[in-house]
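Work through the exercises below with the model in view. Each task is followed by a solution in steps.

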Amino acid sequence: AVKSGQEVKVAGRSIGGKKGRAVLTMLGIISGMAAVMTIVSAMNGYTQKTMEQYAAMGSNQITISIWNYTYDEEGNMIAQDYFTPLYDYCNTIKDLVMGVTPTGYVNATVIYGTKNSNNMQPQWDEEGNMIGGSWAPSLYLGSDQYSICNNLTVARGRDLTSLDSQRYNQVCVMGAQAAKAFFDSADPVGKTLQVNGQSFLVVGVYAPRMSDESTSGNQMDNFIVFPYTANRVLGGETPTEFMARGRDSESLAEACTRIRGYLKGLVGEGNSNVYTDEEWQQQQNAQMGMISLVLGGIAAISLLVGGIGIMNIMLVTVTERTREIGIRRAIGAERSSIITQFLIEAAMLCGIGGIVGIGFGTIGSLVLARAMFQITVYPSPWITACAFGLSVLLGVIFGLYPAVKAATLQPVEALRAE
């Protein structure tokens, strides 16, 4: 019988003797492994970036939706102002809730000098990185507690106050990226923006929430906040979406229960919804898990095709080496030795294909993560090890039938083969 070290050498010579055929055979394994590595790393990159953004926006957030409407005599729908009673109620449970704010937005044109939000466009380099220009800022309606709910701190000037909303003051606070887009390095505080033809005084600028200058990081701070009562002059709808922030994770559940109970009495059963950012993250992670399964299934088909290719070429190899098998069996080689020989050869084919596929997958992961999330994501060691182990396992599984077929050949019949 051939010793195991010799079996590896024999398998290596067999593969090396037909390099072109071996490469073509391994293409399915290479493409499948590269796809699996890239998909898993891309999902990890997405999760990492999402967690960074959630951390930047702050924890313990509570999202509140109210969709109870009334109608006028002509049948037109009227959205009532539910924020004032909600605001007053949340102020009575300050031991549980730090603040509450509307999360409505307005669709308006912002002008300062020659800068016009309608004409703002980002500029990109060849690698897809943003190198200049800017997206038009998002325009939000908020209360004096908007910064508390969104983990914002004022870098210059002042924040919105409750009097700004009560007196319908035409003021605003800018995010760091929006201030940069309109004023470059100049101080915006005290300057006046034209918003749909209305003058709004800039009273403050928020500090950036993310340290990186990626596209997603910039967009997170590319906004302007107006008092929620500014919808009277800006034409925005009465807010029906709100955000509160629990004081800590321990009080979050109790705060949600209290707010749900209050809204049930205010707008009735089934006309509101209250959920935490953790529940939203869980829903999003579940959706991404489903997407990963679909993409992983597509990659698995490629691996299956590659495995079938391995089985096919090993069957061809058995046919080509029938006489060699007969000689080995005639001089005393055991069937287990024949099986081992062909399994090693199949495992080596898939293992080499797996290594090449892992290399391509690593490159694909780096390129995709940089293009989509502006971060560098390397496949984790355990993913790499599992991918290599899977490739070898595929070789053993799909090489088993040809190996058993070779071992069951009768020596006399095998020796007659040409």
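**Exercise 1: the sheet**

Task: state the order of the four strands in the open sheet and how they pair.

Solution. The order is β4-β15-β1-β16, with antiparallel pairing; strands are DSSP runs of E with at least two residues, helices runs of H or I with at least four, both numbered from the N terminus. Two strands pair if DSSP finds at least two bridges between them. The edges are β4 (97-102) and β16 (272-276), each of which pairs on one side only. Neighbouring strands are turned by 20° against each other on average, direction ignored.

The model is predicted: local features need pLDDT of at least 70, side-chain atom pairs count only at pLDDT 80 or more, and totals for chains, interfaces and linings use all residues. Residues are numbered from 1 along each chain as its sequence is written, and side-chain values use heavy atoms, without hydrogens and water.

**Exercise 2: one strand pair**

Task: find how many bridges join β4 and β15, and the partner of Gly-99.

Solution. β4 and β15 (residues 241-246) pair over five bridges. Gly-99 has Arg-245 of β15 as its bridge partner.

**Exercise 3: a buried side**

Task: list the buried residues of helix α11 (residues 322-330) and say why they lie on the same side.

Solution. Buried (under 20% relative accessible area, 1.4 Å probe, protein chains only) are Thr-322, Ile-325, Gly-326, Arg-328 and Arg-329. They lie on the same side of α11 because they cover an arc of only 165° around the axis, taken from the directions from the helix axis to the C-beta atoms. After α11 comes Gly-332, with a positive phi near 110°.

Conventions: Axes fitted to C-alpha atoms, helices over the stretch in contact; angles between N-to-C directions. Buried < 20%, exposed > 50% of the residue type's maximum accessible area, 1.4 Å probe, protein only.
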